[in-house]
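Work through the exercises below with the model open. Each task is followed by a solution in steps.

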Protein chains: 2
Amino acid sequence: MSQTQATDQLEVRFRRLAAINGAADILNWDAATMLPKKSGDVRGEQLAALSEVTHELLTNPALRDLLQQAHSETLEPWRTANLREMQHRYDHANALPQQLVAAITRQRITSEHSWREARRTANYKSFLPEFKKMLQLTREEAAAKSTALNLSAYDAMLDGFDPGMRRTVIDPIFATLKTWLPDFVNQVIEHQKKKPALPLNATVPEAQQKTLGLAMMQRLGFDMSQGRIDSSTHPFCGGVPGDVRITTRYNPEKFVNSLYGVMHETGHALYEQGLPTEWRGLPVGHARGMSVHESQSLFVEMQLGRSAPFLRFLAPQLAQHFCVSGPAWSPENLQRALTKVSRSFIRVDADEVTYPLHVILRYELEQALLTDDLKAEDLPGAWAENMQHHLGVTPPDDAQGCLQDIHWPEGMLGYFPTYTLGAMLAAQLMASVRKAIPDLDAQLERGEFTNIIQWLNKHLHAQASLYPTPELITKATDEPLNPVHYEAHLKARYLGQA
Amino acid sequence: MSQTQATDQLEVRFRRLAAINGAADILNWDAATMLPKKSGDVRGEQLAALSEVTHELLTNPALRDLLQQAHSETLEPWRTANLREMQHRYDHANALPQQLVAAITRQRITSEHSWREARRTANYKSFLPEFKKMLQLTREEAAAKSTALNLSAYDAMLDGFDPGMRRTVIDPIFATLKTWLPDFVNQVIEHQKKKPALPLNATVPEAQQKTLGLAMMQRLGFDMSQGRIDSSTHPFCGGVPGDVRITTRYNPEKFVNSLYGVMHETGHALYEQGLPTEWRGLPVGHARGMSVHESQSLFVEMQLGRSAPFLRFLAPQLAQHFCVSGPAWSPENLQRALTKVSRSFIRVDADEVTYPLHVILRYELEQALLTDDLKAEDLPGAWAENMQHHLGVTPPDDAQGCLQDIHWPEGMLGYFPTYTLGAMLAAQLMASVRKAIPDLDAQLERGEFTNIIQWLNKHLHAQASLYPTPELITKATDEPLNPVHYEAHLKARYLGQA
């Protein structure tokens with residue numbers, strides 16, 4: 001009899017779970033890219049059935065016994081890490097009574113549907129009844145996880161998206177940001193007034209945008225033999241490792257959105273494609289939490305994609321593929337246009353500098369929503385007030401205010417901070433890459449990404465979930481998450497301060 | 001407590017089963033249309049996991065008890081029919097030990113892979129080892145089903161594809177066919193020599209083929225809001241009711257293949273789209289067996305699509321969409337070209353007249369393979385001999401002989417007869433439609449399909465699996481399956497005999 005019998009059995013069960021989750025991932029991709037417009041109900045039934053199956057697999061009583069036995073087995077380090085990750089999934093799944101899971105799944109569909117209509121008509125009141133139900137269920141979820149995982153309610157939610165992340169890490173980081181970033185925004189806006197960017201006016205047919213996007217993702221190292229690119233309303237990276245599917249959207253008047261959408265999602269995709277194949281299907285082989293994932297997309301989109309040397313590479317590409325010419329298309333003006341800072345209402349359209357303020361606003365409000373210190377009824381007022389406070393603007397309606405994001409309508413509280421933590425980690429990684437590759441800028445200017453991506457692969461992608469996030473970051477960059485790199489990055493890029 | 005408690009519970013379980021099978025159906029569609037070329041293994045794992053789940057659901061011991069209880073509950077007729085169909089699925093699934101199911105699933109992948117390579121290189125010997133393993137497992141499957149279902153081995157296999165179909169029904173039909181069809185083929189070929197068809201030479205870009213194909217499927221009644229059309233190597237109708245996905249293939253030199261591929265698959269699709277929504281997810285709401293399904297595709301492709309009045313409608317459509325003109329494009333020559341009969345090697349390319357001979361050959365050989373009266377080693381010889389006997393031609397190699405079809409390499413013995421039974425039923429349905437719609441030809445000549453499809457919907461599609469196949473046919477056409485309609489159809493169309 002094997003010395004690791006329980007672990008062996010667990011691994012079989014978790015590989016099966018991964019295969020079923022993978023099936024659901026492809027069906028979700030299909031729902032966003034291929035699904036006929038009246039086939040949503042049918043798809044809903046399929047996804048609900050799969051999620052019932054996976055929940056049953058994760059709450060099967062045999063699993064607890066196997067986990068207990070496995071903890072006393074002698075395992076290689078990667079299997080010990082895998083056991084930790086299996087336990088983490090088991091703990092999260094078993095924290096919730098099945099009835100609550102089913103209620104959340106059902107309410108999520110109703111709530112999202114109501115939210116879409118409310119956003120379209122900028123009518124928060126029409127969304128309020130469903131939102132209150134969703135919030136109530138989310139509070140129950142947080143309470144149940146809090147008890148089971150021995151974490152605060154908010155940390156318990158956060159831990160679902162970014163294992164190991166805690167308010168005690170985020171609070172000081174965001175507190176520091178708030179001390180300097182609002183004033184920094186003012187400085188940058190004033191600074192940019194001195195040399196305003198010429199607008200990048202060009203009408204580029206979809207076919208040409210596709211060609212350049214495809215060339216760029218392949219140049220970055222995306223493996224088309226194990227992945228695809230398609231169009232969807234909102235760009236995303238979906239599918240599974242071994243079949244990674246990114247999307248973008250094409251608007252002839254806005255090629256920047258499509259190109260940088262492709263670069264962002266390619267950052268996510270390279271992470272997924274770079275996960276070790278020998279651990280595929282096991283929790284240890286899964287991407288680390290959402291902060292690390294977002295660091296990879298922002299690394300490509302922001303750290304590489306809007307850097308001066310890359311834009312010197314991009315300028316002739318645009319001239320060649322899009323037949324554009326003139327002073328607006330010089331590398332210098334491209335950089336001015338692509339790093340223009342402004343106070344705006346919509347998070348997903350926000351620039352790199354103001355983005356964290358959008359996140360901090362949500363971070364504060366979602367904690368208050370979770371504790372009921374902020375009533376759903378009072379959200380629009382609180383939103384407007386905080387926008388004015390943090391960003392100095394007030395949205396003209398709720399569609400451009402508290403109705404803009406899908407996260408809360410889906411009960412995803414605790415997700416938002418990962419965007420800014422990811423941006424910070426991307427800056428920290430860039431500092432390490434710069435040390436490791438002395439001629440980084442020269443490589444970027446030639447459009448050569450191989451060494452850079454290899455570095456990321458070695459230090460992050462190939463490590464998958466072998467280490468908890470803090471350890472992974474320290475191993476990769478020789479220090480814990482340190483926001484000083486982010487601050488330095490912004491000051492260098494936006495005020496030219498070395 | 002409800003009087004139908006066991007039935008209620010069974011229906012919940014079978015709806016869930018249908019949702020998971022539906023997920024697999026979409027993943028199979030994706031594998032044929034979207035899957036990156038090196039993502040096959042990942043997809044294989046997903047499909048294997050889903051099939052394990054559904055097999056477990058169907059072999060859950062609780063199901064037997066529920067079925068037993070349900071049989072003593074008082075049910076409305078449709079629920080009684082549903083219980084019959086649930087029992088049928090249970091019986092088939094539980095006939096096989098789980099180990100055999102797993103072995104078949106694994107061997108099918110290996111065998112198909114080996115077959116593809118063998119067909120490409122026309123090297124039967126290279127396929128023989130895997131084929132023998134597949135055949136052995138298929139024999140075990142047939143033996144296990146034979147015992148469990150109290151049917152002969154071949155009938156037990158047949159019953160999996162076409163519930164209720166038996167050799168005792170097929171044997172006399174095929175025996176009669178053999179008495180007149182080979183000579184009829186000779187007569188038709190001689191007859192057609194008198195007025196040979198002008199070839200339909202036209203190079204039609206994919207985009208124009210797509211436009212006409214789309215127009216045709218919508219005209220036939222395909223609901224694009226609950227379905228799609230895409231390209232794949234082999235045309236098929238996939239997806240699920242509520243999300244029906246057909247495919248075709250485009251070759252600029254062969255627009256006929258694409259157009260008639262679309263019509264064939266639209267026939268299948270109309271059946272799926274026309275199934276009653278209130279029974280969706282229940283076995284009673286499922287399409288009746290493969291013979292009936294094939295009758296629907298052949299009805300559209302052959303009975304409607306190659307009829308003289310439809311071709312009078314089609315001729316100006318081709319002129320308009322494909323910019324073709326001249327004597328080859330007259331309705332009369334279209335008919336000559338589209339009903340040209342010839343002795344050929346490949347079943348899927350065969351015309352309506354010789355097709356049944358391809359099927360009879362397979363029907364006879366697969367029975368001999370199943371009983372081991374024919375050894376796998378001797379298949380190429382037996383194939384060549386039978387081709388010469390039935391069709392008067394000998395394939396130049398095995399790729400154009402016994403290696404041409406995927407069915408046997410996948411262990412699907414008992415499937416082939418449904419093609420010809422479907423062709424016969426299509427002719428019988430056409431005779432009934434002609435009685436019900438006196439001005440049928442006038443409607444076809446105007447490209448009006450509404451009344452025809454409504455008739456099919458009422459008498460077949462909307463009945464789903466409420467009745468066993470023989471009863472369904474009798475209710476729709478006032479008589480059991482009767483090959484005389486098929487014979488009359490062929491004589492009328494090919495020799496002009498009323």
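**Exercise 1: a helix pair across the interface**

Helix α1 (residues 5-33) of chain A packs against helix α1 (residues 5-33) of chain B at an angle of about 70 degrees, and their axes are 10 Å apart. The model is a predicted one.

Task: classify the mutual orientation of α1(A) and α1(B), give the handedness of their crossing, and state which residues meet.

Solution.
- Step 1. The angle between the two helices is about 70 degrees. Angles of 65 to 115 degrees count as roughly perpendicular. α1(A) and α1(B) are therefore roughly perpendicular to each other.
- Step 2. The crossing of α1(A) and α1(B) is left-handed.
- Step 3. From α1(A), the residues A:Ala23, A:Ile26, A:Leu27 and A:Asp30 meet B:Ala23, B:Ile26, B:Leu27 and B:Asp30 of α1(B). Sorted by class, this contact has 6 nonpolar, no polar and 2 charged residues.

**Exercise 2: the relation between the chains**

Task: state which rotation superposes chain A on chain B, and name the kind of axis this implies.

Solution.
- Step 1. Chain A is superposed on chain B by a rotation of 180 degrees, with 0.0 Å of shift along the axis and an RMSD of 0.0 Å.
- Step 2. That is the relation of a two-fold axis.
- Step 3. Both copies use the same surface, as 100% of the contact residues of chain A recur in chain B.

**Exercise 3: the contact side of chain A**

Task: determine how many residues of chain A are in contact with chain B, and which element gives the most to that side.

Solution.
- Step 1. Contact involves 29 residues of chain A and 29 residues of chain B.
- Step 2. On the side of chain A that touches chain B, the elements giving two or more residues are α1, α2 (40-59) and β1 (227-231).
- Step 3. α1(A) gives the most, with 8 residues.
- Step 4. By class, this side of chain A has 14 nonpolar, 7 polar and 8 charged residues.

**Exercise 4: two positive phi values**

Task: locate A:Asp372 and A:Ala464. Is A:Asp372 buried or exposed? Is A:Ala464 buried or exposed?

Solution.
- Step 1. A:Asp372 has phi near 70 degrees, a positive value in a residue other than glycine. A:Asp372 lies in the chain A loop between α14 (355-371) and α15 (379-391).
- Step 2. Around A:Asp372 there are 11 other C-beta atoms within 10 Å, so A:Asp372 is exposed.
- Step 3. A:Ala464, also not a glycine, has a positive phi near 45 degrees. The loop between α18 (450-459) and α19 (469-477) of chain A holds A:Ala464.
- Step 4. With 26 other C-beta atoms within 10 Å, A:Ala464 is buried.

Notes: Residues numbered from 1 in each chain as written. Chains lettered and ligands numbered in written order. Predicted model: local features only at pLDDT ≥ 70, side-chain atom pairs only at ≥ 80, totals over all residues. Axes fitted to C-alpha atoms, helices over the stretch in contact; angles between N-to-C directions. Helix = DSSP H or I, 4+ residues; strand = E, 2+ residues; numbered from the N terminus. Parallel < 35°, antiparallel > 145°, perpendicular 65-115°, else oblique. Left-handed = near helix turned anticlockwise from the far one by under 90°. Contact = placed C-beta atoms within 7 Å. Nonpolar A, V, L, I, M, F, W, Y, C, P; charged D, E, K, R; others polar. Least-squares fit on C-alpha atoms with pLDDT ≥ 70 in both. Buried ≥ 20, exposed ≤ 12 C-beta atoms within 10 Å, placed from the backbone.
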